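The following exercises concern the packing of a protein model. Please attempt each task before reading its solution.

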Amino acid sequence: MSDRDHLSKLTRRLQTNTELSQVEIDRLESLPMQIRTLARFQDVVQEGDHPTQSCVVLRGWLFRYRILESGRRQILSFHVAGEMPDLHSIYLEVMDHSLAALTPCDVALVPHRPLQEFVADHPRIGAVLWRDTLIDAGIFREWMVGIGRRSAFERLAHLICEMYLRLAHVGLAQDHSLEWPVTRTDLGDATGMTSVHVTRMLGELRRARLVALQGSTLTILDWGRLVAAAGFDPGYLHLRPSS
Amino acid sequence: MRDDEGLELPDRESARREAICSLLDIARDELPDGDHRSFVITVRDGGETSLLSARLALDATWLAQAG
């Protein structure tokens, strides 16, 4: 696979939210980069690091997290192919959280300098990437609503709806079925619940015939009812209807 | 509800903590739902021996008539 093919995942993902011109696509896909393969729980960057590059997820799931002094971990977000989970390190010199692989992953590391030059040459790309970080912030707001105000059942249902749509829009999930590599401990750390409670809630989702889990494949049995149970409104993902 | 998959925990204290924190999660989801509720969790080891029982109870009582 050429470098270009790798970065086409990024352009495809950006195009789920924004229209890109051919010139912009060509320039994005010819950015210099280095491929790195990561094992589960391997860090891409750690809190306190001064990164000089940002990564594009090519394969697998990554997650952003913080660990408190007590050792408790909060997972802040999940990231799938085509996303740039540490794009903000272009302008924020010191990482205020860490980014690690949830599954075995391939990432493309794109140095900041050429990315900054690209944005300087094509102000519209600056707007596209800005828009992407704003959507990222929108997802954080939705998670905050979930952790603060949704029931555990709604929170889990909501996360499943969100991840399905994010994966489906880049062609990585279809027919209401998705690869679900998130363990109960990871899910608990992402939704602010104990693993025991996650197990209870997954059981309820299954008993309500909303989802089925076989191995690592999660199937949504009734999308309409799952969306209603979660109170899920995909507006915050700002997906383009055409994609 | 019975969890047949279980969890790997390093020691007894972690199991106690997980059980008590789970009671808090469950209560947060289920309450308010009536004035008298109690939630019980039992921790078993891999050999099905019960190690710990934890109970969290709610008792809400009116102290004055509605005015």
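Two exercises with worked solutions follow.

This is a predicted model, in which local features need pLDDT of at least 70, side-chain atom pairs count only at pLDDT 80 or more, and totals for chains, interfaces and linings use all residues. Residues are numbered from 1 along each chain as its sequence is written, chains are lettered from A and ligands numbered from 1 in the order in which they are written, and side-chain values use heavy atoms, without hydrogens and water.

**Exercise 1.** Determine where the largest nonpolar core lies with respect to domain 1 and domain 2 of chain A.

*Solution.*
Step 1. A nonpolar core is a set of buried (under 20% relative accessible area, 1.4 Å probe, protein chains only) Ala, Val, Leu, Ile, Met, Phe, Trp, Tyr and Cys residues joined through side-chain atoms within 4.5 Å.
Step 2. The largest such core has 43 residues; among the members that touch the most others are Trp61(A), Phe78(A) and Leu205(A).
Step 3. Helix 5 of chain A (helices being DSSP runs of H or I, at least four residues) contributes the largest share, eleven residues.
Step 4. Domain 1 (3-136) and domain 2 (150-237), with bounds from an automatic or database domain assignment, both give residues to the core, so the core lies between them.

**Exercise 2.** Identify what the buried residues of helix 1 of chain B pack against.

*Solution.*
Step 1. Helix 1 of chain B covers residues 12-30.
Step 2. Its buried residues include Ala15(B), Leu23(B) and Ile26(B).
Step 3. These buried residues of helix 1 pack against helix 7 of chain A together with strand 1 (36-44) and strand 2 (50-59) of chain B, where contact means heavy atoms within 4.5 Å and strands are DSSP runs of E, at least two residues.

Terms used: Buried < 20%, exposed > 50% of the residue type's maximum accessible area, 1.4 Å probe, protein only. Expected span 1.5 Å × (residues − 1).
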